[in-house]
Amino acid sequence: MTTINSGTPGSMQLAYGLGGIANGIFSNGLSFFLLIYYNLVIGLPAEMVGLALSIALVFDAVSDPLVGYISDNWKSRMGKRHPFIYLAIIPVSALFWLIWNPPSSLASQMELFWFLLGTTIALRLAMTLYDVPHNAMVPELTSSYNGRTLLAGYKVSATWIAGQIMVIAMYVVWLVPTDIMPYGILNQAGYQQAGLFGAVIIGIAILMSALGLNRYQNIMQEIAHAEHGNAGGFFTQFFAAASLPSLRAIFISSAVFAIGAGIGAALWTYLMSFYWELSNDQIVYILFAIPHRSAGCRAYD
């Protein structure tokens, strides 16, 4: 099956788009529920949770270009993107499960803080090992403008749909109020069950995307760039990119938007459940009515 004038087979679009499922579950899980989970369920003060998540984002901002640089210059029989994607599958899945299951042996707030900080940094780094090389595949898979647009569109669509389904499922499956737990949003077991489900789906989505794209490994194009084998090359390319006015404008606007979207997503759950005091059913209706953007969509923020 081939899409007319796209320059990319339908099987390629499907395989690439499947990777967005992992992005949607990862992004919306962390953006909408991690703050309220560690604050109101685990009992860590909101300012400590916010500090841990903010520090992890700083690390993420550094690791993204670094992993991109390393994968650009990687050489192996599997190519330069697939080794990182396969490497990420188990750590991403395991860490996504772990972050919703902090060990009961962590007794103090500082122990919980360091656990959250370390786990979040490791989880974001593992996700970077998958997501950055996966995004970098687009111009290597096709030189067609329409083809690149379709590949990116499939991933963004899968990210949005999977993320929206995950948020809705939280309210109708795992965080349903009961007589014992009138506020389902405080049900720790529900978060842990959702964490296990999300971890499995994330791992499967990344694996299926990588395997589906394997067949196109031999036709992937090499994008011309200056090769460097040392750390100096990374900084040379980084400052060369930073000197471009258009890239600086994109970076600043994207950063401002991402900060606003992240804050909005983190506070959304608090506002719906405790300020407006809406029921789960009412929240789900709002989710259907409002086309929420997957907060923190790493591929395109």
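**A walk around one cavity, one pocket and one helix**

Hi everyone, let's begin inside the protein: the largest cavity is lined by Gly29, Phe33, Phe96, Trp100, Met166, Met170, Tyr191, Ala194 and Gly195. Three helices each give two or more residues to that lining: H1 (10-41), H6 (145-174) and H7 (188-214). H7 supplies the largest share, with three residues. Please keep in mind that we are looking at a predicted model.

How much space lies in this largest cavity? The answer is about 60 Å³. And how many cavities of 30 Å³ or more does the count give? It comes to one. If you are new to this, here is the idea behind the search: rolling a probe the size of a water molecule over the atoms shows where empty space is left. As for the character of the cavity lining, seven of its residues are nonpolar, two are polar and none are charged.

Now let's turn to a pocket. The second largest pocket holds about 210 Å³ of space. It has 14 lining residues, and the closest to its centre are Trp74, Gly79, Lys80, Gln217 and Glu222. What kinds of residues make up this pocket's lining? Here we find two nonpolar, five polar and seven charged residues.

Next, a quick stop at a single residue, Ser93, which sits in helix H3 (residues 82-99). Is Ser93 buried or exposed? Its relative accessibility is 15%, under the 20% limit, so Ser93 counts as buried. Setting aside neighbours within four places in sequence, Ser93 is in contact with Ala199, Ile202 and Gly203.

My last stop is helix H9 (245-275). With 31 residues at 1.5 Å a residue, H9 should span 45 Å, and its end C-alpha atoms are 42 Å apart, which agrees. Where does H9 bend? Look at Leu267, where the bend is about 35°. The buried residues of H9 are Ala265, Ala266, Trp268, Thr269, Tyr270, Met272 and Ser273. Among the elements that cover those buried residues are H1, H6 and H10. You have already met H1 and H6, in the lining of the largest cavity.

After H9 comes Glu277, in the loop that leads to helix H10 (280-289). Glu277 is not a glycine, and yet its phi is positive, about 55°. Is Glu277 buried or exposed? With 57% relative accessibility, over the 50% limit, Glu277 counts as exposed.

That's my tour, so do find these residues in the structure, and thanks for listening!

Notes: Residues numbered from 1 in each chain as written. Predicted model: local features only at pLDDT ≥ 70, side-chain atom pairs only at ≥ 80, totals over all residues. Heavy atoms only, no water. 1 Å grid on protein atoms, 1.4 Å probe; cavity = no way out; pocket = protein on both sides within 12 Å on 5 of 7 lines; lining within 4 Å. Points joined across faces, edges and corners; volume = space filled by probe spheres on them. Helix = DSSP H or I, 4+ residues; strand = E, 2+ residues; numbered from the N terminus. Nonpolar A, V, L, I, M, F, W, Y, C, P; charged D, E, K, R; others polar. Buried < 20%, exposed > 50% of the residue type's maximum accessible area, 1.4 Å probe, protein only. Contact = heavy atoms within 4.5 Å. Expected span 1.5 Å × (residues − 1). Bend = angle between axes of the 7 residues up to and from the residue.
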